[in-house]
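Here is my note on the model you sent, set out as numbered points. It begins with the core and ends with two backbone details in loops.

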Amino acid sequence: MDVLVFFIAAAIVLTGAMGVVMARNPVHAALMLVMTLFGIAVLFVLQEAHFLAAVQVVVYAGAIVVLFLFVIMLLGVDVAEDVTVEPLVGQRTAALVISMGTLGLLSALVIRAAQLSLGMPSGTQPLDGEGGNLVQLARVLFTDYLFAFEATSVLLVIAVVGAVVLSNRTSSGASQ
Amino acid sequence: MNVDDSWYLLLGALLFTIGAYGLLVRRNPLVMFMCIELMLNAVNLTFVTFSRMLNDIGGQVVVFFVLVVAAAEVVVGLGILVSILRRRPSANVDDISALKG
């Protein structure tokens, strides 16, 4: 059963990823991205990271992709890009070679790291402790990672202020 | 037959590679952003897999922070993109080669 779910989710993830790279229209690419994100959420559920699966759907598929679609529509750049023309001669070949090298190195790295680190003691808190996934995550987040958690709130405020400043046409025009 | 841990890791590596290839090849800045999201998701998948393999909740906490940072990154990145594309309406990063506005 798990194997079946894994392979279906993996097929969805890879199809969506290829779709993002291949799609000529940015709107299609955004919709393919949603597909990939849902596949990843299924894989999270399969690995019993239930809270992260929910957050993945709400934040990524809900907020971020909608933001992408908003910007595409706002700017009117939803014209099909001609992906058949290579702007730089040999660029695709070079990119393919680099990507394959990356794939080989990454695969070797993760497999080796998995072999080496297996059975090491838990650094923060074990997954099979008391409480559900959400309780464990919250306990660690608000004790060990409290400072980082507060720092992300500052980061989000900075991001909001930055976005407002960047998109405010009148004040930037007046200051020039 | 059970799902082997290395399958997840290989899927993450493959997803990261596809995202990196797209980032190198595509010319539309919005699609390039989406490729960055693909790479971030590949890393998230790897983190969750290692979290389960090593029986450690820390990996899932890191994924939580990655989600927050990705949201902030998209907001600021798209804000910059909107202000650039307002002046030069073209969906091609090659046209934005000069720093001078």
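1. The model is a predicted one, and its largest nonpolar core has 63 residues, with A:Val20, B:Leu15 and B:Met34 having the most contacts inside it. From chain A, helix 1 (2-22), helix 2, helix 3, helix 4 (91-117) and helix 5 (133-141) each supply at least two residues of this core, and helix 1 (5-25), helix 2 and helix 3 of chain B do so as well. Helix 2 of chain B gives the most to the core, namely 12 residues.

2. B:Met34 deserves a separate look, given that it is listed among the residues with the most contacts inside the core. Which residues does B:Met34 contact once its neighbours within four places in sequence are left aside? They are A:Val20, A:Ala29, A:Ala30, A:Leu33 and A:Phe68.

3. The contact between the chains takes 73 residues from chain A and 67 residues from chain B. On the side of chain B that touches chain A, the elements giving two or more residues are helix 1, helix 2 and helix 3 of chain B, and helix 3 of chain B has the largest share, with 21 residues. By class, the residues on this side of chain B comprise 44 nonpolar, 16 polar and 7 charged.

4. One helix pair across the chains can be described in detail. The axes of helix 2 of chain A and helix 2 of chain B come within 10 Å and cross at roughly 5 degrees; because angles under 35 degrees count as roughly parallel, these two helices are roughly parallel to each other. From helix 2 of chain A the contact is made by residues including A:Pro26, A:Leu33, A:Ile40 and A:Phe44, and from helix 2 of chain B by residues including B:Leu30, B:Met34, B:Leu38 and B:Val48. The contact of these two helices has 14 nonpolar, 3 polar and 1 charged residues.

5. Chain B has 3 helices and 0 strands, so its radius of gyration may be read alongside that make-up: the value is 17 Å, well over the 13 Å that the globule rule gives for 101 residues, and chain B is therefore more spread out than a compact globule. Along the principal axes, the C-alpha atoms of chain B fill a box of roughly 55 × 25 × 20 Å. Buried residues nevertheless make up 50% of the 101 residues in chain B, and of its contacts with a separation of 6 or more, 47% are between residues 24 or more positions apart.

6. Chain A has 7 helices and 0 strands, and buried residues make up 23% of its 176 residues. Of the contacts in chain A between residues at least 6 apart in sequence, 48% join residues at least 24 apart.

7. Two residues other than glycine have a positive phi and may be worth checking by eye. Phi of A:Glu48 is near 65 degrees, and this residue is found in the loop between helix 2 (26-46) and helix 3 (50-75) of chain A. Is A:Glu48 buried or partly exposed? With 16 other C-beta atoms within 10 Å, A:Glu48 is partly exposed. B:Asn55 has a positive phi of about 55 degrees and lies in the loop between helix 2 (29-53) and helix 3 (58-87) of chain B; B:Asn55 is partly exposed, with 15 other C-beta atoms within 10 Å.

Note on methods:
Residues numbered from 1 in each chain as written. Chains lettered and ligands numbered in written order. Predicted model: local features only at pLDDT ≥ 70, side-chain atom pairs only at ≥ 80, totals over all residues. Helix = DSSP H or I, 4+ residues; strand = E, 2+ residues; numbered from the N terminus. Buried ≥ 20, exposed ≤ 12 C-beta atoms within 10 Å, placed from the backbone. Contact = placed C-beta atoms within 7 Å. Core = buried A, V, L, I, M, F, W, Y, C linked by C-beta atoms within 7 Å. Nonpolar A, V, L, I, M, F, W, Y, C, P; charged D, E, K, R; others polar. Axes fitted to C-alpha atoms, helices over the stretch in contact; angles between N-to-C directions. Parallel < 35°, antiparallel > 145°, perpendicular 65-115°, else oblique. Rg over C-alpha atoms; globule rule 2.2 N^0.38 Å.
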